[in-house]
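Please look over the sequence and the model below, with attention to how the strands are paired.

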Amino acid sequence: MLLPVVLSGGAGSRLWPVSRELHPKPFIRLPDGQSLLQKAFLRGAALPDVKEVMTVTNRELFFKTEDEYREVNTNKLATSFILEPFGRNTAAAIACSALQASQMHGDDTLMLVLAADHLIADQHAFSDAVEEAVELAKKGSLVTFGIRPGSPETGYGYIQADGNRVVSFVEKPSLEKARDYLESGKYMWNSGMFCFRAADILNAMEQHCPAILDASRNCMQKSRETRGKGIVELNLDAESFNEVPDDSIDYSVMERSNQVAVVCCDIGWSDIGSWSALGGLYAPDENGNRVDGAAILHDVRDCFVKSGPRLIAAVGISDLIIVDTPDALLVADKTRAQDVKHLYAALKLKGDTVHKYHLTVHRPWGTYTVLQEDPKFKIKRIEVKPGGRLSLQMHHHRSEHWVVVSGMARIVNGEKEFFLGTNESTYIPAGHKHRLENPGLMGLIMIEVQSGDYLEEDDIVRFEDNYGRV
């Protein structure tokens with residue numbers, strides 16, 4: 001069988017403020033309404049002989065990923081997940097997925113490793129490239145996909161090739177070198193996609209990076225697996241996963257092995273690595289401006305404008321990137337789009353949560369949105385899906401007041417259990433066990449007012465949880 005393996009990691013820091021640690025680049029919606037992650041799933045699912053899609057992602061993003069797939073998995077294709085407690089680079093992710101694929105489906109399983117945050121415009125050409133890669137993989141090759149370059153890019157690694165034979169892997173070049181590569185016709189962009197049999201990549205890792213493979217195997221043995229109808233979920237053990245060396249599959253295997261082959265392809269590939277690349281997906285107006293959302297422009301040229309809930313108005317500017325979200329606004333020179341990652345890094349270094357969360361945060365049971373915040377109080381809008389149930393929990397440092405504004409709520413407050421309807425409320429003192437559930441068929445919306453000396457999300461003790469977070 002052919003098993004697409006979607007690697008969904010990384011922060012997408014160059015696409016801040018839309019991409020954040022807990023809402024990374026794969027979840028960004030494109031002009032057609034689908035996310036990059038959904039497109040990766042559908043890309044793999046559309047190939048012949050695919051009966052399952054495997055995904056490697058952070059455990060904090062599991063339920064959000066499930067929701068993304070549920071929207072587009074109309075054929076109810078089986079899914080499996082390897083859930084990392086934190087990232088350890090692509091070698092660890094591929095080692096764990098190959099071990100899991102071999103255990104579940106056999107050593108001859110053909111793995112197609114795909115990035116969750118790339119865009120491929122030509123599905124037919126992609127299918128042809130995969131077909132060629134599969135034939136090479138069946139003969140024992142570790143296949144990578146090379147993209148025919150259309151410009152002298154300095155942000156990609158390159159592959160020097162002679163037919164399907166890889167001559168060398170080349171680091172990100174200078175502009176002068178990139179021009180030489182383009183003119184020679186012998187170099188391709190390194191796409192970061194691969195195809196191989198599970199046994200072949202495991203044998204190659206045994207030869208070239210045995211420490212990564214041994215540590216990954218040890219971690220898998222200590223990890224918890226859950227199986228349900230059409231789904232397998234493997235939660236990697238954090239302590240042993242931390243012992244896996246952090247390295248990329250390119251450095252640890254592909255650049256060292258003599259089994260590597262390349263398929264050269266022209267599939268409309270982009271890694272959507274900046275706001276300039278993402279903006280290019282939108283149709284320009286007569287002045288070269290590309291707009292997503294509500295904007296009014298006067299004497300504005302060659303700008304990308306992405307509005308959030310507010311209208312953006314601009315006068316007399318050119319060659320700028322403007323991206324607005326409810327809690328952060330980005331204004332950047334288009335030629336400096338790659339440098340947005342430095343803002344993300346600075347925010348992370350100072351501990352500002354705007355690098356990590358949006359004001360609306362997704363949880364397995366629904367979402368919450370911070371409406372107003374002060375050192376002594378916080379106001380949230382909470383929306384619980386039908387059937388959704390928060391953990392039975394307690395806070396040491398804050399009390400809460402819940403007001404139902406739409407739907408029906410089942411409440412546990414201390415020793416009492418009761419229902420609340422629209423315009424009804426309850427008060428939960430600090431130290432009280434409490435729980436919120438939506439027993440209805442429609443969404444439940446409520447307002448939560450927190451008050452206390454400490455209001456951060458880590459002030460929580462969970463006693464029971466439907467989603468394995470205790």
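The report that follows treats strand pairing in two parts of the structure.

The model is predicted, and the description begins with strand 3, which spans residues 78–84. Because six of its seven residues are buried, strand 3 is largely enclosed by the rest of the structure. One of its pairing partners is strand 2, residues 52–58, which runs parallel to strand 3 over seven bridges, with Thr-55 having Phe-81 of strand 3 as its bridge partner. Between strand 2 and strand 3 the chain passes through helix 2, residues 62–72, and the resulting β-α-β crossover is right-handed. Strand 3 also pairs with strand 11, residues 231–235, in the parallel sense over five bridges, and here Thr-79 stands opposite Ile-231 of strand 11.

A separate topic is the open sheet of four strands, whose order is 14-16-18-19 and whose pairing is mixed. Strand 14 (290–292) and strand 19 (328–333) form the edges, each of them pairing on one side only. On average, neighbouring strands of this sheet are turned by 5° against each other when direction is ignored. Within the sheet, strand 18, residues 320–325, and strand 19 pair in the antiparallel sense over six bridges, and Thr-325 stands opposite Ala-328 in strand 19.

The strand pairs are listed below.

| Strand pair | Sense | Bridges |
|---|---|---|
| Strand 2 and strand 3 | parallel | seven bridges |
| Strand 3 and strand 11 | parallel | five bridges |
| Strand 18 and strand 19 | antiparallel | six bridges |

Note on methods. Residues are numbered from 1 along each chain as its sequence is written. This is a predicted model: local features need pLDDT of at least 70, side-chain atom pairs count only at pLDDT 80 or more; totals for chains, interfaces and linings use all residues. Side-chain values use heavy atoms; hydrogens and water are left out. Buried means under 20% relative accessible area, exposed over 50%, partly exposed in between (1.4 Å probe, protein chains only). Helices (H or I, at least four residues) and strands (E, at least two) are DSSP runs, numbered from the N terminus. Two strands pair if DSSP finds at least two bridges between them. A crossover is right-handed if, with the strands pointing away from the viewer, the path from the first strand over the helix to the second runs clockwise. Axes are lines fitted to C-alpha atoms, for helices over the stretch in contact, and angles run from 0 to 180 degrees between N-to-C directions.
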